Amino acid sequence: MSILKNTAERSSTAGPVLTVDTDSVPAPDRFGWWNDLVGQEVMPVTLRSPHARHFEGRAESVQLPLSQVSTFTYSPLTARRSPVQIRRQDPESYFLVLVRDGSAIRLEQERSIACLDAGDMALFSTSHPLTCEFLDLGGPCRTTQLRLPRTVLPLAAGRADRLLAEPLSTGSGTGALLVPYLMGLPRAARDCGPAEVARLGAVAMDLAASLLGTQLGDVDRLPVETRQASLLARINAFIGHNLADPELRPAAVAAHHHISVRTLHQLFRSEPESVGATIRHRRLERCRADLTDSALRHVSIGEIAARWGFRHPADLSRAFRTAYGVSPSEVRAGVRDAAAAPDAAAALDAKEDRASC
């Protein structure tokens, strides 16, 4: 059993998400324990740190059927992987590393050097010597990593090596989808069953393959399933960003992505809902969130309807009652009653206090 899984049994576990930290380890043993954890969960390396005597670290990992997404938070350090360590043990994997807020790293592999700041992403391999310096910016370092086993990455043999220690595009396209997806995956996976976790993992792998394929100019060589999954992820993101537009319909979604409406509907056959139902469901969820937000009590139901793409309040009312069995006004009234209850109770207590004086 790995250190992560073994320690998680004594720490915190939520479904497929395992979380451990150095608080459960005696202070003198923490840096060595962290070195062993990295060796098992990523690859064997040699760590050096000016904070070794007072080292702190935390790992949160989502176990996926074919890969793993892990977020590490730790005291600044330097990691080196030597040819000797590679010969002794090579997991034969690639890792996408995403630098999180407040962190910066210098990654060197295969004669390439990448200096990465928060929001940047790069690829490294377990099969080549590596030096990675996690810079001391006055606080802990934080990275999120996606394991990509070489045997399941749908790229021609060795092609991904051309991208080692090269900054990858995360400002647009697939990269702009992959970054928030990886950051939100642990939260999304906590209450998921095995089938849904497998689906989340497959999306992560498809987005990663699409990102690397785009960077290499090999998108057309990716499997059809991978390209379709990446396109579906982009479409879902587009829908989420444009719910306020009353013109957001299947035809508009298809036109934006340069595909036919028929192709769009075929893409959604594997989804729980059709594209039209997806748009309607997401709009209703946003409306329900606004209706139950006490900070928005001054916003009328008509304004909430318009905010999320309903042309008329009556359109929202019909769809809302069909979906939830109650009207928007009933939900709003329930929130007001719940907010008034504590005030009424406080007033009654005050009255009773005055009566006892």
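# Helix packing and enclosed space: worked exercises

In this predicted model, D206, L207, A209 and S210 of helix α5 are in contact with E225, T226, A229, S230 and A233 of helix α6.

**Exercise 1.** Classify the residues of the contact of α5 with α6, and determine how the two axes are oriented.

*Solution.* Begin with the residues themselves: the contact of α5 with α6 divides into four nonpolar, three polar and two charged residues. Turn next to the axes, which come within 9 Å and cross at roughly 100°. Angles of 65 to 115 degrees count as roughly perpendicular, and α5 is therefore roughly perpendicular to α6.

**Exercise 2.** Describe the packing of α6 against α9, giving the crossing angle, the handedness and the residues that meet.

*Solution.* Helix α6 spans residues 224-241 and helix α9 spans residues 275-291, and their axes come within 10 Å while crossing at roughly 40°. The two helices are therefore oblique to each other, and their crossing is right-handed. On the α6 side the contact is made by N236, I239 and G240, which meet V275, T278, I279, R282 and R286 on the α9 side. Sorted by class, the residues of this contact comprise three nonpolar, three polar and two charged.

**Exercise 3.** Establish which residues lie nearest the centre of the largest pocket, and which helix supplies the largest share of its lining.

*Solution.* The largest pocket has a volume of about 1100 Å³, and among the 34 residues that line it, Y181, R199, V203, N236 and R282 lie nearest its centre. Two of these names have already appeared, since N236 in α6 and R282 in α9 take part in the contact between those helices. Going through the elements, α4 (173-189), α5 (194-216), α6, α8 (261-267) and α9 each supply at least two lining residues, and the largest share, ten residues, comes from α6. By class, the lining divides into 17 nonpolar, nine polar and eight charged residues.

**Exercise 4.** Characterise the second largest pocket by its volume, its lining and the element that gives the most to that lining.

*Solution.* The second largest pocket has a volume of about 260 Å³ and is lined by 13 residues, of which P246, L248, R283, G309 and F310 lie nearest its centre. Two or more lining residues are given by each of α9 and α11 (313-324), with α9 giving the most, namely four. The lining of this pocket divides into six nonpolar, two polar and five charged residues.

**Exercise 5.** Count the cavities of 30 Å³ or more, and set out the class composition of the lining of the largest cavity and of the second largest cavity.

*Solution.* The count comes to two cavities of 30 Å³ or more. The largest cavity holds about 250 Å³ of space and is lined by 19 residues, with V38, V42, A79, F134 and Q145 nearest its centre. Elements giving two or more residues to this lining include α2 (30-41), β5 (68-74) and β12 (141-149), although β11 gives the most, with three residues. By class, this lining has 17 nonpolar, two polar and no charged residues.

The second largest cavity, with a volume of about 40 Å³, is lined by E41, V42, Q68, V69, S70, F72, F95, Q145 and R147. Strand β5 gives the most to this lining, with four residues, and the classes here are four nonpolar, three polar and two charged.

Key: Residues are numbered from 1 along each chain as its sequence is written. This is a predicted model: local features need pLDDT of at least 70, side-chain atom pairs count only at pLDDT 80 or more; totals for chains, interfaces and linings use all residues. Side-chain values use heavy atoms; hydrogens and water are left out. Axes are lines fitted to C-alpha atoms, for helices over the stretch in contact, and angles run from 0 to 180 degrees between N-to-C directions. Angles under 35 degrees count as roughly parallel, over 145 as roughly antiparallel, 65 to 115 as roughly perpendicular and the rest as oblique. A crossing is left-handed if the near helix is turned anticlockwise from the far one by less than a right angle, and right-handed if clockwise. Contact means heavy atoms within 4.5 Å. Ala, Val, Leu, Ile, Met, Phe, Trp, Tyr, Cys and Pro count as nonpolar, Asp, Glu, Lys and Arg as charged, and the others, Gly among them, as polar. On a 1 Å grid over the protein atoms alone, a cavity is a set of points where a 1.4 Å probe fits but cannot get out, and a pocket is an open set with protein on both sides within 12 Å along at least five of seven lines; lining residues have an atom within 4 Å of a point. Grid points are joined across faces, edges and corners, and a volume is the space filled by probe spheres set on the points.
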